[in-house]
Amino acid sequence: MLKKLDWYIIGKFMRTFFFTVLIFSMVSLIIDFSEKIERFIETDIPTSVIAFEYFPTFLVFILGFLWPMLTLIAVIFFTGRMADNSEIISILNAGVSFWRLMRPYLISAGFLALVYLAGVHYIIPLANSHRAEIDRVYFSRNRDEGKTSNVHFFVAPDTKVYMTHFSKRDSAARNFRIEHIVDNELVSLTKARSAKFVDGDPGKWRLDNYEIRTFDGLHETLEVGNRLTLDTVLNLRPEDFVDYREQQSALTTPELLEHLRKQRERGAGNIRKYEVELARRTAEPFTIFILTLIGLSVAGRKVRGGMGLQLAVGIFMGALFVFLSRFASTISSGTDLPVFLGMWMPNIIFFGAALYFVANAQR
């Protein structure tokens, strides 16, 4: 059951946090607007899109990026004020232990972590998707980088598709080839001069001027379909040729899980960045608890000269977390380090720092 002390600290925590969010939101919007004002003027983007679509989605993105850091700054700011007013010392002298003092902080951190958890799994990806679409439509940025020449696709662990060219305009392919491999041996090969995805029929492709070769040891069977068509079903759709930069951050977690499932069924090996994104969304919300403990331990001690040094420590720790988080994403994406370990590395490091600060906090 929460006491008056708990509600007092929780109220201060929430008010300070959302005030910090408001200040950083205003600063971020001003900086982003000043950087993009020439682009807004040069393009034909409507003012309503800028005001009610671009900036709100940008704000969701930047707040999601800075959420743990803003939590740390808020904790240090209001706790430093309490320590400067001798409130922390009075609470501890009244017989409240430091561990009991942590309770309202951790409750508040839990609420913010839940909000952040919902944000990184659903809200922020939706905002990123819409903001990326605005960039593509009006600014010609974040263009599709999906490969269309000499394309190799595993549509199943034992089936590979190859084509020399794919046209995204009409979903047609040239020099289409389907290879079935069993125990590292080619058992059938289907070739077609051209192939086209059939709209309205998931996975259906129509092959023109085809030939089918089947292999049984040294025996080969050939079926030729000159000037004929052959319909076949493949785990391949035109959207599989689309690959936007940072596409993984624009997928909600259910979409991300479905994409990973589909790619694993195919036996695809280029899914590392999606696995990293999924692990990051689970790891980062727990950082809020760790940074809250660090903020309480650092700011709970009354120091001469006010809160300047404490805020400097808070901003430094927050910036260090952002750096380590992005560094962990890069390392996890480009090395054989287990994804889970790579993305939890910042939490492990900061948890060690939190234990040190808590052990040396004012009692």
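**Close-up of Ser325, a buried residue of helix α7 in the predicted model.** With a relative accessible area of 4%, Ser325 counts as buried, because this value falls under 20%. The residue belongs to helix α7, which spans residues 308-334. Leaving aside residues up to four places away in sequence, Ser325 is in touch with Glu284, Met343 and Pro346.

**Close-up of the packing of helix α2 against helix α7.** The axes of α2 and α7 lie 9 Å apart and form an angle of about 165°, which makes α2 roughly antiparallel to α7, since angles over 145 degrees are classed in this way. The crossing of the two helices, α2 and α7, is right-handed. On the side of α2, the contact is made by Phe65, Pro68, Met69, Leu72, Ile73, Ile76, Phe77 and Gly80, while α7 contributes Gln310, Leu311, Gly314, Ile315, Met317, Gly318, Ala319, Phe321, Val322 and Arg326. By residue class, the contact of α2 with α7 comprises 13 nonpolar residues, four polar residues and one charged residue.

**Close-up of the open sheet formed by six strands.** The strands follow one another in the order β1-β2-β3-β4-β5-β6, and their pairing is antiparallel. At the edges of the sheet are β1 (149-156) and β6 (219-233), each of which pairs on one side only. From one strand to the next, the twist averages 20°.

**Close-up of the pairing between strands β3 and β4.** Strand β3, covering residues 172-182, and strand β4, covering residues 185-197, are joined in the antiparallel sense over ten bridges. Within this pairing, Arg174 has Ser194 of β4 as its bridge partner. In general, the strands of a sheet pair through backbone hydrogen bonds, in either a parallel or an antiparallel manner.

**Close-up of Asn150, a residue of strand β1 with positive phi.** Phi of Asn150 is near 50°, a positive value in a residue other than glycine, whereas most residues other than glycine have a negative phi. Asn150 is found in strand β1, one of the two edge strands of the sheet. Its relative accessible area of 41% places Asn150 among the partly exposed residues, because the value lies between 20% and 50%.

**Close-up of Ser86 in the loop between helices α2 and α3.** Ser86 is located in the loop that follows α2 (47-84) and precedes α3 (87-93). Phi of Ser86 is near 65°, again a positive value in a residue other than glycine. With a relative accessible area of 26%, Ser86 is partly exposed.

Key
Residues are numbered from 1 along each chain as its sequence is written. This is a predicted model: local features need pLDDT of at least 70, side-chain atom pairs count only at pLDDT 80 or more; totals for chains, interfaces and linings use all residues. Side-chain values use heavy atoms; hydrogens and water are left out. Two strands pair if DSSP finds at least two bridges between them. Helices (H or I, at least four residues) and strands (E, at least two) are DSSP runs, numbered from the N terminus. Axes are lines fitted to C-alpha atoms, for helices over the stretch in contact, and angles run from 0 to 180 degrees between N-to-C directions. Buried means under 20% relative accessible area, exposed over 50%, partly exposed in between (1.4 Å probe, protein chains only). Contact means heavy atoms within 4.5 Å. Angles under 35 degrees count as roughly parallel, over 145 as roughly antiparallel, 65 to 115 as roughly perpendicular and the rest as oblique. A crossing is left-handed if the near helix is turned anticlockwise from the far one by less than a right angle, and right-handed if clockwise. Ala, Val, Leu, Ile, Met, Phe, Trp, Tyr, Cys and Pro count as nonpolar, Asp, Glu, Lys and Arg as charged, and the others, Gly among them, as polar.
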